[in-house]
Each structure stands twice: as C-alpha cells, then as structure tokens.
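Hi,

Here is the structure I promised to pass on to you. Have a look at it first, and then read my notes below.

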Amino acid sequence: MRVLVIGSGGREHALCRSLKLDPQVSELHCAPGNPGIEEVATVHPVDPLDPEQVAELARRLRVDLVVIGPEAPLVAGVSDAVREAGFACFGPSRDAAMIEGSKAFAKEIMTAADVPTARSRTCTTEAEAAAALDEFGAPYVVKDDGLAAGKGVVVTDDRAAALAHALACERVVIEEYLDGPEVSLFALCDGSTAVPLQLAQDFKRAYDGDEGPNTGGMGAYTPLPWAPDGLTEQVMREVVHPTIAELTRRGLPYQGVLYVGLALTAKGPKVVEFNARFGDPETQVLLDRLETPLGGLLMAAATGELGLDPVFKDGSAVCVVIASEGYPESPVKGDPITGLQSTDRAYVLHAGTARKDGAVVSAGGRVLSVVGHGPDQESARRAAYELADRIELRGSHHRTDIAPVR
C-alpha cells in the first residue's frame, strides 16, 4: 500500500522508519518531513496545517492511507478533509481531537465517563484561578486549556508563579496534584474497539533529577519491569473503553491513537492527560519494539478492522533526546551536527533538523532522538548513551538519567 505521513518531528521519523520496514508498504511519502525522513520516504513541501493542501496531496499521490502525526493538524481538521476526499486516515476527527485540544473538554469527558482523574476547576478570571489554587494547594498544577506543544503545564510550589501562568493563558484548568510515578499507555482505536500498546515512561523535565521546566519530553523507555501486574488491562477497562464509549455516545467515534498519561497514585491509576496522537518520545521506543507490521496495524484502525493486540519483541528500548542550547525557553538554531551514524545497537531519529549547504543543522528545540535497544534495559540504555555521546552539536544538552535501572 501507499502511505502518506503528515509531520516533521522525531515521532514522524519513527513512524516512517517502521512503515518502511513493513513489507506491505510499497510507497512511503511524508509532508513536510525532515532530513532524516528524506532517507526513508519521499518528502513534499506541504503545509501540514492546511486541510485542503494535505487532501490534494493525497489525491495526487493516490495513497491508500494517510497517517497524521502531530496534534495541531488534527485540531485543524486535516483528518476530516482527508476522509471527505475518500482516503483512509489514521487520526481522529477535529471534534474528537479536542480530547487533547481542550483540557476542559477532556475533563468533561472523563467526568461523564466516570474515569479516575484529578479534581479540577476550569478558570477564565484571576479570581477563579486564585480560588482554585487555594482550594487544591501546593504543589500547584496549572494547565493551559489549548494546545501548547507539551509545554503548557506548570507544576510548582510557588503560588505566584502558578497564578502568573494562569493569567498568561486565556483559559486554564487548575487541578489537584497527583502523586506517584507517571506512565504512558497508547491505545489504537478503530471507532468501536481499542487495543493497547506496551507501557512506556517519558521524562518531561529538562534536566537530570526531574529539575527545570517542563518540555515536550527528554527521553523514554519501554517496557516497564516495575509496573504493577494487570495495569494495562485495568487502564483499558477503567479509562480507555469508557472514554471511547462516551465519545461515541456524543457522535464522535474515535479512530487513531488515544494517549493516556497516568499517575500511579496510592488510590490507583488516575489520568493526568489525554493526547489525540502518538506521544513523543514514547513512540520512538514503542515502535522500536513493535513486532506487528505497522502499516497493516494503522490501516486496520483507520478502516474499523482492528483485531488482535499488537505483538512486541523481547528486550528493551531507550530514547535520549538531544536538545539545542537554550531549550525549552529560547532554543538556538542553525548549528551544524555531526556524529549521526548508527551503531549495531542504536540509531538517530531526526526531529528539529534542516539542511544548509548540504550539512545537517539544528532547526528546533528537541533536535534528535537517539534510540538504543538491547536484551535488557541496562544494555539498551548503554547503547543509547554511547551514541548520544558521539554526537556533536554546539551548546546542546541531554539528560543523563533516562531509564534508570532499578
């Protein structure tokens, strides 16, 4: 089949890499892509936020499947335009994608579906925000209601900083802090059924020891040997299936991937957030371990034909994100990158990169994802860091404590 992937980041490079390995995929395209994706797919200079441009590209290429990577095109209605043009599409409709596009809408869905999550208040004024901060107390959790590229959440003990973030947003969700380790579970959905992928964990803070500001994610690993037995089944039963059923009840059948961010609290798993797309960088490690061919799996979800749960390889995968100088506040761009060659146990996925005079240069905050794999977590971690340490990018930084061996 002919597949078109929409997006230009590390997640899309991971998707393209796995699709290229699927013998069913005869032709692979990506728009707009990046220098790494160019090596495995034909790239096209199309605006991923323009529904008509994407639909027209699908028509011109006569693709069988469109896979939408990032959240912004979903909220912009790209999947709706693609489906209206007659193409199978992996990615929820614009209205269903509001499960990520609006934190308030997600809370509304969870309340209606009786999904375990933090108590919260949606605030639009300073008085409402101040009252909610006092109600829940520290640590304060303040979330921008709209899309913020993974950086719209502030968790702090500083009430003034929490209130300042609230006032900088048009509308915010303020909620109680959920204590406990966080894990991610992705569920593939075909409009009526859902199947889980393997559990993963990502690391949101910029620096070692979970210090510094929130980012889009600085690393991830899978599987999680320490996760409680039966956790996946419990989350599917208590979170995913009720959420999908509630969306369907509202006339919003969900086709694509539902990302469930969870806190494992003393009272059981509770939802921290929903996303309407594959998470980045968890996708990088999950697809490394996925044994089921990806193209057929995504096509089954897009056409309402999901069957058995996906199968994963033995062993572990670890992803280390290399970020540019100044990330996340003010990333520096345009510096050359060297040392990108793969090893036997690790490879590089491009995220914020571009080509300048034939050389690969930085072009974003999270520049590269380095993925290592091995028979166990320790060997996968070592492979990822050995390659990451060979890469040279002036002023870059990465965490050194991703996937600690417990």
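Here is what I found, going from a sheet to the cores and then to one helix.

This is a predicted model: local features need pLDDT of at least 70, side-chain atom pairs count only at pLDDT 80 or more, and totals for chains, interfaces and linings use all residues. Residues are numbered from 1 along each chain as its sequence is written, and side-chain values use heavy atoms, leaving out hydrogens and water.

Let's start with an open sheet of four strands in the order 11-10-16-17, paired antiparallel. (Strands are DSSP runs of E, at least two residues, and helices are runs of H or I, at least four, both numbered from the N terminus; two strands pair if DSSP finds at least two bridges between them.) Its edge strands are strand 11 (194-196) and strand 17 (268-275). Strand 10 (residues 182-190) and strand 16 (residues 255-265) are joined by nine bridges, and L188 has V257 as its bridge partner in strand 16.

The largest nonpolar core (buried Ala, Val, Leu, Ile, Met, Phe, Trp, Tyr and Cys residues joined through side-chain atoms within 4.5 Å) has 58 residues. V260 is among those with the most contacts inside it. A second, separate core of 47 residues includes L188 and M299.

M299 is also one of the buried residues of helix 11. Eight of the nine residues of this helix (294-302) are buried, so it is largely enclosed by the rest of the structure; buried means under 20% relative accessible area with a 1.4 Å probe, protein chains only. After helix 11 comes G304, with a positive phi near 75°.

Enjoy exploring!

Technical notes:
Buried < 20%, exposed > 50% of the residue type's maximum accessible area, 1.4 Å probe, protein only.
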